[in-house]
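Hi everyone, thanks for making time. Let me bring the model up on the screen, and then we'll walk through a sheet and a pair of helices.

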Amino acid sequence: SDPRTADGWFPTGDIGAVDADGRLRVEGRAGDVIVTGGEKVWPEPVEAVLADHPAIRDVVVVGLPDDEWGHVVTALIVSDAVPPLEEVRDLVKSRLPAWCAPHHLIAIDAVPRTALGKPRRADAAALASRHG
(Lines give C-alpha, C1' and ligand atoms only; values in the text may rest on other atoms or scores of the structure.)
Protein backbone atom coordinates (compact mmCIF):
# COMPACT_ATOMS: atom_id res chain seq x y z
CA SER A 1 0.00 0.00 0.00
CA ASP A 2 1.04 3.61 -0.63
CA PRO A 3 2.51 5.20 2.54
CA ARG A 4 1.60 8.73 1.41
CA THR A 5 -1.33 10.68 2.84
CA ALA A 6 -4.38 11.49 0.70
CA ASP A 7 -2.80 14.83 -0.30
CA GLY A 8 0.50 13.20 -1.36
CA TRP A 9 2.68 13.82 1.71
CA PHE A 10 4.88 11.15 3.26
CA PRO A 11 4.73 11.51 7.07
CA THR A 12 8.12 10.94 8.70
CA GLY A 13 7.55 12.15 12.26
CA ASP A 14 10.21 14.82 11.74
CA ILE A 15 9.66 18.54 12.28
CA GLY A 16 11.48 21.17 10.26
CA ALA A 17 11.31 24.64 8.79
CA VAL A 18 12.23 26.21 5.48
CA ASP A 19 14.92 28.87 5.90
CA ALA A 20 15.25 32.16 4.02
CA ASP A 21 17.26 30.43 1.26
CA GLY A 22 14.47 27.89 0.73
CA ARG A 23 16.37 25.02 2.36
CA LEU A 24 14.61 22.61 4.69
CA ARG A 25 16.15 22.44 8.15
CA VAL A 26 15.10 19.36 10.13
CA GLU A 27 14.78 20.16 13.85
CA GLY A 28 14.24 16.60 15.03
CA ARG A 29 11.63 13.97 15.74
CA ALA A 30 8.24 15.36 16.77
CA GLY A 31 8.18 13.06 19.80
CA ASP A 32 11.63 14.18 20.98
CA VAL A 33 10.88 17.87 21.57
CA ILE A 34 10.82 18.85 25.26
CA VAL A 35 8.38 21.61 26.22
CA THR A 36 9.64 23.27 29.39
CA GLY A 37 7.99 26.39 30.77
CA GLY A 38 6.34 26.92 27.38
CA GLU A 39 9.66 26.81 25.49
CA LYS A 40 10.62 24.08 23.02
CA VAL A 41 13.96 22.33 23.49
CA TRP A 42 15.35 19.99 20.85
CA PRO A 43 17.61 17.38 22.51
CA GLU A 44 20.20 17.10 19.70
CA PRO A 45 21.72 20.61 20.00
CA VAL A 46 21.95 20.21 23.80
CA GLU A 47 23.63 16.82 23.36
CA ALA A 48 26.10 18.34 20.89
CA VAL A 49 27.13 21.01 23.42
CA LEU A 50 27.40 18.50 26.26
CA ALA A 51 29.47 16.13 24.12
CA ASP A 52 32.13 18.87 24.00
CA HIS A 53 32.59 18.73 27.80
CA PRO A 54 35.85 16.86 28.49
CA ALA A 55 34.35 14.78 31.33
CA ILE A 56 31.32 13.59 29.33
CA ARG A 57 31.98 10.49 27.20
CA ASP A 58 28.38 10.03 25.99
CA VAL A 59 25.06 11.76 26.58
CA VAL A 60 21.35 11.58 25.87
CA VAL A 61 18.91 14.38 26.72
CA VAL A 62 15.28 13.74 27.64
CA GLY A 63 12.39 15.61 29.23
CA LEU A 64 11.09 14.42 32.58
CA PRO A 65 7.61 15.38 33.82
CA ASP A 66 7.61 18.30 36.26
CA ASP A 67 4.66 19.88 38.08
CA GLU A 68 5.97 23.44 37.67
CA TRP A 69 7.59 23.40 34.21
CA GLY A 70 5.61 20.69 32.40
CA HIS A 71 8.87 18.88 31.65
CA VAL A 72 12.46 19.57 32.65
CA VAL A 73 15.54 19.03 30.51
CA THR A 74 17.50 16.09 31.92
CA ALA A 75 20.91 14.91 30.73
CA LEU A 76 21.90 11.30 31.21
CA ILE A 77 25.66 11.13 30.94
CA VAL A 78 28.40 8.54 30.76
CA SER A 79 31.35 9.97 32.69
CA ASP A 80 34.21 8.83 34.90
CA ALA A 81 33.79 11.97 37.02
CA VAL A 82 30.39 13.66 36.82
CA PRO A 83 30.90 17.42 36.48
CA PRO A 84 28.96 19.84 38.70
CA LEU A 85 25.46 20.64 37.40
CA GLU A 86 26.13 24.40 37.36
CA GLU A 87 29.23 23.89 35.21
CA VAL A 88 27.20 21.89 32.69
CA ARG A 89 24.34 24.43 32.77
CA ASP A 90 26.81 27.29 32.17
CA LEU A 91 28.32 25.46 29.19
CA VAL A 92 24.90 24.97 27.58
CA LYS A 93 23.84 28.57 28.32
CA SER A 94 27.04 29.84 26.67
CA ARG A 95 25.85 28.39 23.32
CA LEU A 96 22.06 27.93 23.55
CA PRO A 97 19.12 29.75 25.17
CA ALA A 98 19.02 29.41 28.98
CA TRP A 99 15.92 27.21 28.92
CA CYS A 100 17.95 24.51 27.13
CA ALA A 101 20.23 24.00 30.14
CA PRO A 102 19.61 20.71 31.98
CA HIS A 103 17.88 20.82 35.35
CA HIS A 104 19.23 17.37 36.25
CA LEU A 105 22.34 15.32 35.50
CA ILE A 106 22.09 11.57 35.91
CA ALA A 107 25.12 9.29 35.61
CA ILE A 108 24.47 6.09 33.63
CA ASP A 109 26.69 3.24 32.48
CA ALA A 110 25.75 3.47 28.79
CA VAL A 111 23.37 5.42 26.56
CA PRO A 112 20.68 3.08 25.20
CA ARG A 113 20.99 3.12 21.41
CA THR A 114 19.30 1.63 18.36
CA ALA A 115 21.15 -0.65 15.96
CA LEU A 116 21.85 2.49 13.88
CA GLY A 117 23.40 4.26 16.88
CA LYS A 118 20.57 6.72 17.58
CA PRO A 119 19.68 7.27 21.25
CA ARG A 120 16.59 5.39 22.43
CA ARG A 121 15.00 8.32 24.27
CA ALA A 122 12.05 6.38 25.71
CA ASP A 123 14.47 3.87 27.27
CA ALA A 124 16.66 6.72 28.53
CA ALA A 125 13.64 8.49 30.06
CA ALA A 126 12.67 5.24 31.81
CA LEU A 127 16.22 4.96 33.18
CA ALA A 128 16.07 8.57 34.38
CA SER A 129 12.71 8.17 36.11
CA ARG A 130 14.08 5.15 38.02
CA HIS A 131 16.90 7.38 39.35
CA GLY A 132 14.17 9.71 40.66
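Before the sheet, one convention: two strands pair if DSSP finds at least two bridges between them. Helices (H or I, at least four residues) and strands (E, at least two) are DSSP runs, numbered from the N terminus. What you see is a predicted model, where local features need pLDDT of at least 70, side-chain atom pairs count only at pLDDT 80 or more, and totals for chains, interfaces and linings use all residues. Residues are numbered from 1 along each chain as its sequence is written, and side-chain values use heavy atoms, with hydrogens and water left out.

So, which residue of E7 stands opposite Ala75? That is Leu105. Strand E6, residues 70–78, runs parallel to E7, and the two are joined over 4 bridges. Zooming out, E5, E6 and E7 line up in that order as an open sheet of 3 strands with mixed pairing. Strand E5 (58–66) and strand E7 (104–107) are the edges, each pairing on one side only.

Now the helices. In H1, residues 43–51, we find Pro43, Val46, Glu47, Val49 and Leu50 buried (under 20% relative accessible area, 1.4 Å probe, protein chains only). They sit on the same side of H1, because they cover an arc of only 160° around the axis (taken from the directions from the helix axis to the C-beta atoms).

Who do they pack against? By contact, meaning heavy atoms within 4.5 Å, their partners include strand E3 (34–36), strand E4 (39–41) and helix H2 (85–95). Val46, Ala48, Val49 and Leu50 in H1 meet Val88, Leu91, Val92 and Arg95 in H2.

Conventions. Buried means under 20% relative accessible area, exposed over 50%, partly exposed in between (1.4 Å probe, protein chains only).
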